[in-house]
Amino acid sequence: MQITASTVSLTVDDVAASQAFLTAHLGYQEQAAADGFASLTRPDAAVDIVLLRRGTEVLPAEQRDRRAGGLILAFTLTGLDAEEERLRRAGVEITMPLREEPWGERLFQVTDPNGVVVQFVEWVTPAPADAGAGEAGQDGAVR
């Protein structure tokens, strides 16, 4: 198997609202659209996104009424502070403030109009737990 692209499909109540949010604030572009459907892409390594209106008959019956819930659409990037500031200035509500985890993950979250949680992550080298101990890099090797 050779995977040539990755796409996440989200079932939402209002396709146009999520599409507008993702294009206005996250740089996605419409690839294709129809009633209750939108396919979005970016020119970089970000995952493509398909938005489907909840209840649409293209989905199997057992999936039609589910919403995109319990998932986090996460993007790893550089320049996290600048991105958080850009979104804040654009009027996007930061639903989880910028924070740093002990293992070196810096992150914040926003939520689109349909409740889809979008998380932005930047990895940093965590401070060593013991100043005399070696420091582990992203690959887990102690240096």
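In the predicted model, side chains alternate along strand E5 (72-76). Leu 73 and Phe 75 point to one face and are buried. Ile 72, Ala 74 and Thr 76 point to the other face and are not buried. E5 pairs with E8 in the parallel sense, over five bridges. One of the residues on the buried face of E5, Leu 73, has Val 118 of E8 as its bridge partner.

Strand E8 also holds Trp 123. The relative accessibility of Trp 123 is 38%, so this residue counts as partly exposed; the buried class ends at 20% and the exposed class begins over 50%. The C-alpha atom of Trp 123 lies 8.3 Å from that of Thr 78. In sequence, 45 residues separate Trp 123 from Thr 78.

These strands belong to a chain of 143 residues. The protein chain has two helices and eight strands. Their order from the N terminus is β-α-β-β-β-β-α-β-β-β. Buried residues make up 35% of the chain. Among contacts with a separation of 6 or more, 43% join residues 24 or more positions apart.

Helix H2 spans residues 80-89. Its buried residues are Leu 80, Glu 83, Glu 84 and Leu 87. Viewed down the axis of H2, these residues fall within an arc of 100 degrees, so they line one face of the helix. The general geometry of an α-helix fits this pattern: with 3.6 residues a turn, residues three or four places apart point the same way. The face of H2 turned away from the buried side carries the exposed residues Ala 82 and Arg 89.

The buried residues of H2 pack against one helix and three strands: helix H1 (15-26), strand E6 (94-100), strand E7 (105-111) and strand E8 (117-123). Glu 84 gives a view of this packing from a single position in H2. Glu 84 counts as buried because its relative accessibility is 9%, below the 20% cut-off. Beyond its neighbours within four places in sequence, Glu 84 is in contact with Ile 94 and Phe 108. H2 is followed by Gly 91, which has a positive phi, near 90 degrees.

Strands E6 and E7 run antiparallel and are joined by four bridges. Ile 94, a contact of Glu 84, has Val 110 in E7 as its bridge partner. The two strands form a hairpin, with four residues between them. Gly 104 lies in the turn and has a positive phi of about 100 degrees.

Glu 100 also belongs to strand E6. At 48% relative accessibility, Glu 100 counts as partly exposed, because the exposed class requires over 50%. Leaving aside neighbours within four places in sequence, Glu 100 is in contact with Glu 105, Arg 106 and Val 124. The contact with Val 124 spans 24 residues along the chain. The C-alpha atoms of Glu 100 and Val 124 are separated by 9.0 Å.

The surface was also examined for open space. In general, rolling a probe the size of a water molecule over the atoms shows where empty space is left. The largest pocket holds about 270 Å³ of space. Its lining comprises 16 residues. Arg 42, Asp 44, Phe 75, Leu 77 and Phe 120 lie nearest the pocket centre. H1, E5 and H2 each give two or more residues to the lining. By class, the lining has seven nonpolar, five polar and four charged residues. Phe 75 links this pocket to the strand described at the outset: Phe 75 is among the residues nearest the pocket centre, and is buried on one face of E5.

Notes. Residues are numbered from 1 along each chain as its sequence is written. This is a predicted model: local features need pLDDT of at least 70, side-chain atom pairs count only at pLDDT 80 or more; totals for chains, interfaces and linings use all residues. Side-chain values use heavy atoms; hydrogens and water are left out. Buried means under 20% relative accessible area, exposed over 50%, partly exposed in between (1.4 Å probe, protein chains only). The arc is that of the directions from the helix axis to the C-beta atoms. Contact means heavy atoms within 4.5 Å. On a 1 Å grid over the protein atoms alone, a cavity is a set of points where a 1.4 Å probe fits but cannot get out, and a pocket is an open set with protein on both sides within 12 Å along at least five of seven lines; lining residues have an atom within 4 Å of a point. Grid points are joined across faces, edges and corners, and a volume is the space filled by probe spheres set on the points. Ala, Val, Leu, Ile, Met, Phe, Trp, Tyr, Cys and Pro count as nonpolar, Asp, Glu, Lys and Arg as charged, and the others, Gly among them, as polar. Two strands pair if DSSP finds at least two bridges between them.
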